[in-house]
Amino acid sequence: MKEGVSRERIDHYLKFIEFTGRHPALSRAVLWLAYRIPPLKRALPVSMRIYMGGRILESYRVDKQKGEISFGGVDRQIVGAEFPEVVFRNLAQLAGKEEAQRIMYDMHFRIMEEQLQKLDLEEIFPRFLAPLFRQPADAKRLESDPTLARLYGEMERMLLRLLFSESGWGRPEFDSTPLPSKVTVHKSVESVWMRPSAEPVCYAMAGSLAAFVSHIAGKRYAARETSCAATGAPRCEFTLESVE
């Protein structure tokens, strides 16, 4: 087990997650009542609030005087869902379609990369779990420790939910954790706004996924969209490959 991560506390945490999964109706009712207690709500990390029925927007910190919002220590802005399409269309007019595709990919790779570097993990996860994501995933250790692997998978899915699904970009699903070779994305925002298309259009999503996996792996990964809902496919699919 990684230094600073208690096996006993991990077991308790996993039992909680598994119980809520087996008894969703009961869990939603009980946890929602507990979530309505303000002191408890404020003391909980974001991931626990989500399990208790909360939403990421409720965890944003808003400074009305400065006009600033932040989440997990990272400053954020709320823009319309059409933003990727507008940016891509204008880039294509200025620099051509292929260059616009490259820029969208690279720009969102860097945005996701910087977000992950700045995230306050102790605000998102219980404090005793934060050390797991401060360093790249130890794939060999996870293969030899099923409990740790399950825990890491749960944390990875929560980060995907917070950074993608509940931020309006679409719902990614990894074919394996910690490092996927294939990612399926439901309702990718680019595929919604750029359809119909004769070719895949989710370059921002590809760049974001590549940065996320690169952060987990501790080395550079590239993502390529192989199937896109904008072309009529049921969902968007991406392949991930190491480039180092």
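This talk walks through two sheets, a helix packing, the cysteines and a few backbone details of one predicted model.

I'll start with the smaller topic, the sheet that comes early in the chain. It is an open sheet of 3 strands in the order 1-2-3, and the pairing is antiparallel. The edges are taken by strand 1, residues 61-63, and strand 3, residues 74-76. Each of those has a single partner strand, so one side of each has no neighbour in the sheet. On average, neighbouring strands here are turned by 35° against each other, direction ignored. Strand 1 and strand 2, the latter being residues 68-71, run antiparallel and are joined by 3 bridges. If you want one pair to click on, take Arg61, whose bridge partner in strand 2 is Ser70.

One residue outside this sheet is worth a look at this point. Gln115 lies in helix 6, and with a relative accessibility of 15% it counts as buried, because the cut-off is under 20%. Leaving aside residues up to four places away in sequence, Gln115 touches Val74, Arg76 and Leu163. Val74 and Arg76 fall within the range of strand 3, 74-76.

Now the other sheet. It is open as well, with 4 strands in the order 4-5-7-6 and antiparallel pairing. Which strands stand at its edges? They are strand 4, residues 171-174, and strand 6, residues 221-227; each has a single partner strand, so one side of each is left without a neighbour in the sheet. The average turn between neighbouring strands is 30°, again with direction ignored. Helix 11 packs on this sheet and touches strand 4, strand 5, strand 6 and strand 7. The direction of helix 11 makes about 140° with that of strand 6.

On to the pairings. Strand 5, residues 182-186, and strand 7, residues 236-242, run antiparallel with 4 bridges between them. Thr184 has Glu237 as its bridge partner in strand 7, and Val185 has Cys236. On the other side of strand 7, what joins it to strand 6? There are 6 bridges, and the two strands run antiparallel. In that pairing, Arg224 has Thr239 as its bridge partner in strand 7.

Staying in strand 7, look at Leu240, which is placed there. Leu240 is buried, at 5% relative accessible area. Not counting residues up to four places away in sequence, it touches Pro180, Ser181, Val183, Leu209, Ala210, Val213, Tyr221, Ala222 and Ala223. Among these contacts, Ala210 also belongs to the set of helix 11 residues that meet helix 6.

That brings me to the helix pair. Helix 6, residues 97-118, and helix 11, residues 203-217, pack at about 35°, with their axes 7 Å apart. The crossing is right-handed. On the helix 6 side the contact includes Met104, Tyr105, His108, Phe109 and Met112. On the helix 11 side it includes Ala204, Gly207, Ala211, Phe212 and His215. By class, the contact residues divide into 11 nonpolar, 7 polar and 1 charged.

Next, the cysteines. How many disulfides does the structure hold? The count is 0. Cys228 is in no disulfide, and the nearest cysteine sulfur, that of Cys202, is 3.9 Å away. For Cys236, the closest cysteine sulfur is also in Cys202, at 3.8 Å, which is too far for a bond because the sulfur atoms of a disulfide have to be within 2.5 Å. Are these two cysteines buried or exposed? Cys228 is buried, with a relative accessible area of 1%, and Cys236 also counts as buried, at 1% relative accessibility.

Last, some backbone geometry to check if you plan to set up the model. The peptide bond from Thr177 to Pro178 is cis, with omega near 5°. Pro178 is in the loop between strand 4 and strand 5. The bond from Arg195 to Pro196 is cis too, with omega near -5°, and Pro196 is in the loop between helix 10, residues 189-193, and helix 11. Finally, Lys187 is not a glycine, yet has a positive phi of about 60°. Lys187 is found in the loop between strand 5 and helix 10, and at 71% relative accessibility it counts as exposed.

Key. Residues numbered from 1 in each chain as written. Predicted model: local features only at pLDDT ≥ 70, side-chain atom pairs only at ≥ 80, totals over all residues. Heavy atoms only, no water. Pairing = 2+ DSSP bridges. Axes fitted to C-alpha atoms, helices over the stretch in contact; angles between N-to-C directions. Buried < 20%, exposed > 50% of the residue type's maximum accessible area, 1.4 Å probe, protein only. Left-handed = near helix turned anticlockwise from the far one by under 90°. Contact = heavy atoms within 4.5 Å. Nonpolar A, V, L, I, M, F, W, Y, C, P; charged D, E, K, R; others polar.
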